[in-house]
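Subject: Predicted model for your review

Dear colleague,

I am passing on the structure below, and I would be grateful if you could look through it alongside my notes.

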Amino acid sequence: MKKSTALTATFAVIAVATLAGCAGSNGASTPSTAELDAMAQKMVQQSFHDKGIVKVKEALAADETLRDCDAAAVAGHTIDAATEKKLEAANFKTIQWPANGKYLGDWKSGEKIAQSGRGRTWNDKADSANGGNCYNCHQISKEEISYGTIGPSLYHYARLKGVTDPNSPEAGDRQIHLGQDLERQGLQRLLQHAARRHQGHPHAGAGGRHRRAAARPEIPGQSVDRHHDPTPSGPGRDG
Amino acid sequence: MKAHQLALAAAVLGLIATSVAWAQKSTTEAIDEYREMLQDGNPAELYEMKGEELWKKARGPKNASLEKCDLGMGAGVVKGAFVQLPRYFADTNEVQDLESRLVTCMSTLQGINPKEIINGKWGKGERANVTALATWVAAQSKDMKFDLPQSNPQERIAYEMGKHAFFQRGGSHDFSCATCHGEDGKRIRLQDLPNLTKNPGDGVGFAAWPAYRVSNGQMWTMQHRLNDCYRQQRFLEPGYASPITIALGVYMGVNAKGAKSAVPAIKR
Amino acid sequence: MGDPMRIRAQAKDGNVLVRVLMSHEMESGQRKDSSSNKIPAWWIQEVTAKLNDKQVFSCEWGPAVSKNPFLQFTIKGGKAGDKVSVSWKDSKGDTRTDEATVS
């Protein structure tokens, strides 16, 4: 019987190989976590392909941060505190602070970048003006009611962090804390993309796998840095 | 004159009153009302009609209909099949979802080349036919509860593979499925997001596709929904009916056990 | 001949509630394709309905009507068993007629 070539018997091949390996163990045919991991990676490689500006080599390139966080998510628990600190520190080192030392820019440009969700999909061009995608996940200004709740509200963010003047030298310490919070929330990378695009750098960041903010552990129940209430209330619970 | 002025004043007041009342309805309430109005006269019914026609019509090089297609409950049994897919099929020795099983039947019964669908374009040619067929087949199980089998080892492995894929971050934004669909009560902009790591309720998530999308006037199957999710995630494009897409269907479908299917549904 | 319409006709309190779902692109002529060329206008211009053999409804449509239009109207004095037929004609001259029995 003619089988469609693309629908290869992947599950069958993997199942047979695994069950054969366990032959002899009575009924213990469940593969180990490591085996399932390897199977999944193979299946992913078989199922996805290059398209447009998105390439398999870059999109699936896993580093320690992704591997640790994904493994914890699959297992259904948080990463341990020691690993979390280690990953944060490693990613923190990769942050590029503004060269001119200015942390406060033109808010009108910022709003435009936050509103735009364009760019970086397989349909987009490499030199297109990429947006920050911010409102998809966050509340930012009071006026914009079409905001997502995947991430915490960023309304009054500086005030919540106790920063009175982001541009003053005295706020230097606080600026670092601001940066740490942004980094911890996995925002730094996205901001870098948006910022570099705005400054006219072509093709920001797709190749920059080494420059990455700590990924947020996506574990259900772990509320490290997110509000469930979309309206801002009370002191910030982040970091 | 006076009466005219009074009438005018009353009309203006009436307008103000109406606009105040309208403004008092919350955004989400207004959107829910709009969505309810869309339900009556869902254009998905047009695709259903087309799908039924395609099921019964003799087509392809073999000039045969699909009426002997086995969707998991025996040749030609359509009612109830959708809420047990994806599942293992002995004849292909694979776990298959609705779309890939239709492709198999179109190939074996009608002689239509699977490449026409797998390498095709959304909304065109044989791929559009699979969408219409999927809409009709799924509609025959409307309001039935999801109950995917997990008796075969391959089905269980497919579930694990789906779970791994669900939590795998990648692409320029390091997004995984779980980024949007891993928690309760989240939304992207104003679009609510079902938590797909568990049963999100009747007619939601896996139980809501194929659906007609009003915003672009297109009928989308789960394959199409997954494809566009990955695109928005800045991820890679999955092959049509590739193993990962089927594994994700198993993961979501098994998690949704007991949820009632609302298919064909209507979406923004 | 366009794609089939889906017609539901229900008798209630001496009237008939008719709901029609039509399959049509209803291209306004303002949209552009990926090469920035305007997609040619193509829409249903005229819709008529008959109760048995008598025309009871007609309307003229323009580019504001959306794709896959849904139309609902009430016919006075119809009853179960009557025949309702709906016809449309579009800007390319294509036509379609479908019927339903009042339930």
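The notes that follow cover conventions, confidence, helix packing, the cores and chain C.

This is a predicted model, in which local features need pLDDT of at least 70 and side-chain atom pairs count only at pLDDT 80 or more, while totals for chains, interfaces and linings use all residues. Residues are numbered from 1 along each chain as its sequence is written, and chains are lettered from A and ligands numbered from 1 in the order in which they are written.

On confidence, chain B averages a pLDDT (the predictor's confidence in each residue, from 0 to 100) of 91, and 91% of its residues score at least 70. Over residues 10-22 of chain B, however, the pLDDT is below 50, and this stretch has 0 contacts (C-beta atoms, placed from the backbone, within 7 Å) beyond near neighbours in sequence. Where pLDDT is low, the predicted coordinates should not be read in detail.

Between chains A and B, helix H2 of chain A (residues 33-47) packs against helix H10 of chain B (residues 243-255), where helices are DSSP runs of H or I with at least four residues, numbered from the N terminus. Their axes, which are lines fitted to C-alpha atoms over the stretch in contact, lie 7 Å apart at an angle of about 125 degrees. H2(A) and H10(B) are therefore oblique to each other, since angles under 35 degrees count as roughly parallel, over 145 as roughly antiparallel, 65 to 115 as roughly perpendicular and the rest as oblique. A:Met43, A:Val44, A:Gln46 and A:Ser47 meet B:Pro243, B:Ile244, B:Thr245 and B:Ala247 there.

B:Ala247 appears again in the largest nonpolar core (buried Ala, Val, Leu, Ile, Met, Phe, Trp, Tyr and Cys residues joined through C-beta atoms within 7 Å), where, of 102 residues, B:Val137, B:Ala247 and B:Val250 touch the most other members. Buried here stands for 20 or more other C-beta atoms within 10 Å of the residue's own. Not counting residues up to four places away in sequence, B:Val137 touches B:Gly51, B:Leu71, B:Val78, B:Ala81, B:Phe82 and B:Leu98.

Chain C, finally, has 0 helices and 7 strands (DSSP runs of E, at least two residues). Its C-alpha atoms fill a box of roughly 55 × 20 × 20 Å along the principal axes, and buried residues make up 22% of its 103 residues. Of the contacts in chain C with a separation of 6 or more, 54% join residues 24 or more positions apart.

Best regards

Notes. Axes fitted to C-alpha atoms, helices over the stretch in contact; angles between N-to-C directions. Contact = placed C-beta atoms within 7 Å. Buried ≥ 20, exposed ≤ 12 C-beta atoms within 10 Å, placed from the backbone.
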